[in-house]
Amino acid sequence: MSRAAPRDRRRDRREPPATDASDQEPVDIPRKAARLRIPPGYLVNRLLTLLLTIWIAATLIWIIPRLSPVDPADIMLGRMAAGAGAVQDADRILDQLRESFGLNDPLIVQYVKYLRNIVLFDFGLSTATFPTKVSALIARALPWTLGLMVLSLLITFFIGNLLGALMVWSHSPKLVRIAIPAAMVFTSIPPILSGLLLMWIFAAKLQWFPLAGAYGLTVEPGWDWAFAASVLHHGFLPALSIVIVTFGFWALGMRGMMITVQGEDYVRLAEAKGLRPRTVLYGYMIRNAILPQITAFALKIGLLVAGQVLVERIFAYNGMGKLLYDAILDQDFPVIQGVSYVIILMTALAVFLVDLAYPLIDPRIRHGSDG
Amino acid sequence: MTGVTTRAARRRMRRFDNPWTNPKLFCGAGLLLAIVALGLLGRLLWDLDLVFTGSAPLKLPPIGFENLRGQPGVPAHPIGTDGSGRDMLALIAIGAPNTLFVGFLASLIGMGAGIVLGFTAGFVGGRTDDTIRVLSDVMITIPPLLILVVFQSAFGDVSLTIMALLIAGFAWQSPTRLIRAQVLSMKQSGYVMMARLSGAPTHHIMFREMLPNLVPYLFGSFIANVTTSIVTAVGLEVLGLGPQRIPTLGRTIYDAISAGALIQNLWWWWGIPTVLLAVMFIGLLLVNLGLDEISNPRLRRLGR
């Protein structure tokens, strides 16, 4: 951190950043030909931020349960008692459980062990479904979450940016320019509310779509059409409930950027040259206006992830959200910790990748490393 | 005479050009006030003891509807009752303001911390600035919901205020970044240089010269944070965490889903809190859009 940070500060003093949250600095003309490589100083800076994020998150997840008066071994014993009626030698079993959870070691030893385990994605054993490894549970749930997320994200990014651009474009039909802002008011609500409404209308009332699950009970998971159709059928409502409430965010940002781009000289020139309005829109305006949207994505992803966790919970979709919800019901701490850690790791990685991709997408951006 | 014309001109300006008379801002604020009014009038006009479990018949529909057992709605419970015999009107009269309260308190605390940290980072610079900048960069990546899930599942029941405090722990990053960026850019501006050259003390520059210019940004950031905080709070409640005994809109939705209200067609149970939350978010969005137009005149022109 220390190597890159002072440079950053100097840059800020020289040329104060605008309200834009991006940490980069536009340069009018690239001196050399467009450089499609990431400056090493910037790479190191982002990498250290990534590691710091993961470390802080992991530490928080570790410290918080240890400040609490609740003892995981106690809960475990309580579950055994509830299952078997009574437990003999309760104290001895409690001690054994503590030993197997490593709760008898000094705190610092526990912490170091925990950090080592978390790097290896070893979160211990689930207490609710006892001998199952937490990592196995997560590995089973993760593909569903990632699939739903990538799909809904791509759709919403595409629709949102297109609508946002059309709102500003002077050639778009009047209806579009009036209808979209009105419809966008409803996109301020979180996906869980839209999910509830869609679920009620299309699953409970009309019964067009199933109420719960990620695939039908009658189909066998496998690479065949029946399974794929079932997955699409089950995934449609969760994806839709995310899309209809998130496209407004992109549309709003795009609208702001398009207003700025609209007045630029190159757009005027393109229009004066007599290019078709559609060519000007796609080739000149959207191409330039869409770039800051990609950094906006880095800031938004945390909320998107949280929203999706909740959508999965209400649709009982077989992803991380359902796993987390079941773990909360069962007070299954290892699973709660593991799921939270993996989701935070995913978020931090996504932000890191967006940060790295940005200079590749926009060659005008130069990073503070060679200033 | 000049006094008269300037006053007339000022009045004209106020009527036509004052950016604060923004229709979106007014509509949004109206919706939010309606929810506050619901809470206040409910306390005055309605018997809030009906919020206790078993104080009314179970699963009664609103007036004019019938539930699956063929029971009609009764005037004693105009918008129905839930699955454990609580009056919905009393439930939302207490729950809606509670939800709003958590959002505003969390955002207020986050904002306060953001102002202090942002100004400190922008003014002090050096290592302090680095630390604050890196910390806010790191913390903005971590989704608050997940850390809070770990926290609340470890600690169990919390009060509304504690919940707001916990959420506030994740509401300071974006105001900090915003204010730091603005302070750094304003430090270079003419009027701040002027103030500094004329020997004004630092706190004067901070609070009398800079802060007034930040007001529209601060309001915008504040409202955006209220939205995020409420989303986080509702998220925790829908996962079954958060305050266990105090009615909130999210908790009501959790109870409804857990009891299978969607399949049993008890739409008023989950529907009324859902609609109220939607009204809340739409109100906050409208306020935010209005503030955007106030601080960015280009958007204003587009709206006309």
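Let's start where the two chains meet: chain A and chain B bury about 5500 Å² between them, 77% of it on carbon and sulfur atoms. Buried area here is the accessible area, taken with a 1.4 Å probe, that two parts lose on being put together, summed over both. Keep in mind that this is a predicted model, where local features need pLDDT of at least 70, side-chain atom pairs count only at pLDDT 80 or more, and totals for chains, interfaces and linings use all residues. Residues are numbered from 1 along each chain as its sequence is written, chains are lettered from A and ligands numbered from 1 in the order in which they are written, and side-chain values use heavy atoms, with hydrogens and water left out.

Back to the interface. On it, 64 residues of chain A are in contact with 58 residues of chain B, where contact means heavy atoms within 4.5 Å. A:Ile64, A:Leu196 and A:Trp200 supply 10% of the area that chain A buries against chain B, more than any other three residues. As for salt bridges across the interface of chain A and chain B, the rule finds zero; it asks for a side-chain nitrogen of Lys or Arg within 4 Å of a carboxyl oxygen of Asp or Glu.

Now look at chain A by itself. Its secondary structure comes to 14 helices and two strands; helices (H or I, at least four residues) and strands (E, at least two) are DSSP runs, numbered from the N terminus. Of the 371 residues in chain A, 46% are buried. Buried means under 20% relative accessible area, exposed means over 50%, and partly exposed is in between (1.4 Å probe, protein chains only). Among the contacts in chain A with a separation of 6 or more, 72% come from residues 24 or more positions apart.

Find helix 13 of chain A, residues 320–330. Its buried residues include A:Met320, A:Leu324 and A:Ile328. What covers the buried residues of this helix? From chain A, the cover includes helix 6 (134–168), helix 12 (291–315) and helix 14 (333–361), while chain B adds helix 5 (144–155), helix 9 and helix 10.

Just after helix 13 of chain A comes A:Gln331, in the loop that leads to helix 14. A:Gln331 is not a glycine, yet it has a positive phi of about 50 degrees. Its relative accessibility is 36%, so it counts as partly exposed. A:Phe121 also has a positive phi, about 55 degrees, without being a glycine. You'll find A:Phe121 in the loop between helix 5 (107–119) and helix 6 of chain A, and it counts as partly exposed because its relative accessibility is 41%.

Over in chain B, follow helix 8 (residues 190–197) and helix 9 (residues 202–238): their axes come within 11 Å and cross at roughly 170 degrees. That makes helix 8 of chain B roughly antiparallel to helix 9 of chain B, since angles over 145 degrees count that way (under 35 is roughly parallel, 65 to 115 roughly perpendicular, and the rest oblique). Among the residues that meet are B:Tyr191 and B:Val192 in helix 8 of chain B, and B:Ile205 and B:Met210 in helix 9 of chain B.

Finally, B:Asp255 sits in helix 10 (residues 249–258) of chain B. With a relative accessible area of 19%, B:Asp255 is buried. Leaving aside neighbours within four places in sequence, B:Asp255 is in contact with B:Arg86 and B:Trp269.

Technical notes:
Axes fitted to C-alpha atoms, helices over the stretch in contact; angles between N-to-C directions.
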